[in-house]
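These entries record what I looked up in the structure shown below. They proceed topic by topic.

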Amino acid sequence: DWATLWAALIGIPVFLVCYYIKKVFKGLPPWVPTQLILMAICTLVAYLGKLSELEHPVPVIGYIPQGPPIPTVPPVQRIPELIPGGFVLAVVSYMQHISVTKAIAKKTDHVMHPNQELYAC
């Protein structure tokens with residue numbers, strides 16, 4: 001897909017130039033979101049260049065509804081499918097909590113007890 005290849009060949013150097021300016025020359029403040037700027041530029045190029053209407057179109061997401069979706073309870077039949085993902089999410093959340101707690105405890109010379117942290121989660 002040539003259009004996607006060209007988009008990557010243009011986007012990657014632009015990102016690297018922004019990164020180089022930010023890190024080497026200290027020309028951009030650290031709070032400038034270069035990835036977000038690159039995404040905005042690529043979005044404008046895709047929209048103004050009508051890249052989704054080419055002979056070999058660049059895939060475009062299309063309409064994205066505003067606001068968060070309305071929360072709903074999943075059907076009871078799907079709950080067994082959700083249990084493994086929920087378990088993995090709980091373990092990752094606990095590990096993240098432990099790592100942050102260890103870092104703070106190390107900086108403040110406090111003692112951390114992982115079993116107490118499990119109750120805090």
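**Entry 1: the pocket.** I began with the largest pocket and noted a volume of about 380 Å³. The model I am reading is a predicted one. I then looked up the lining of this pocket and counted 18 residues, with Ala7, Cys42, Thr43, Ala46 and Leu51 lying nearest its centre. Helix 1 and helix 2 each supply at least two residues of that lining. I also asked which helix gives the most to the lining of the largest pocket. It is helix 2, with 7 residues.

**Entry 2: across the two helices.** I next took up isoleucine 10, which is found in helix 1. Its C-alpha lies 9.1 Å from the C-alpha of cysteine 42, although 32 residues separate the two in sequence. Cysteine 42 had already appeared in my notes as one of the residues nearest the centre of the largest pocket. Is isoleucine 10 buried or exposed? I recorded a relative accessible area of 54% for isoleucine 10, so the residue counts as exposed, the cut-off being over 50%.

**Entry 3: the nonpolar patch.** Isoleucine 10 also belongs to a nonpolar patch on the surface, together with Trp2, Leu5, Trp6, Leu9, Val14, Ile37, Ile41 and Val45. I noted about 890 Å² of accessible area for these residues together. Helix 1, residues 2-23, and helix 2, residues 34-48, each supply at least two residues of the patch. Here helix 1 gives the most, with 6 residues, whereas helix 2 gives the most to the lining of the largest pocket.

From the helix 2 side I checked valine 45. Its relative accessibility is 48%, and therefore I entered valine 45 as partly exposed.

**Entry 4: the salt bridge.** I searched for salt bridges and found a count of 1. Side chains of opposite charge can pair when their charged atoms come close. In this pair, arginine 78 and glutamate 81 have their closest N and O atoms 3.2 Å apart, and the pair qualifies because the limit is within 4 Å. I noted arginine 78 as partly exposed, at 43% relative accessible area. Glutamate 81 counts as exposed, at 53%.

**Entry 5: confidence.** Finally, I looked up the pLDDT values. The protein chain averages 80, and 89% of the residues score at least 70. Where in the protein chain is confidence lowest, and where is it highest? I found the lowest mean, 68, in helix 4, residues 114-120, and the highest, 89, in helix 3, residues 79-108.

Technical notes
Residues numbered from 1 in each chain as written. Heavy atoms only, no water. Patch = residues over 30% accessible without salt bridge, like charges linked within 9 Å, V, L, I, M, F, W, Y side chains within 5 Å. Areas by Shrake-Rupley, 256 points an atom, 1.4 Å probe, with all protein chains shown as cover. Salt bridge = Lys/Arg side-chain N within 4 Å of Asp/Glu carboxyl O. Helix = DSSP H or I, 4+ residues; strand = E, 2+ residues; numbered from the N terminus. Buried < 20%, exposed > 50% of the residue type's maximum accessible area, 1.4 Å probe, protein only. pLDDT = per-residue confidence, 0-100. 1 Å grid on protein atoms, 1.4 Å probe; cavity = no way out; pocket = protein on both sides within 12 Å on 5 of 7 lines; lining within 4 Å. Points joined across faces, edges and corners; volume = space filled by probe spheres on them.
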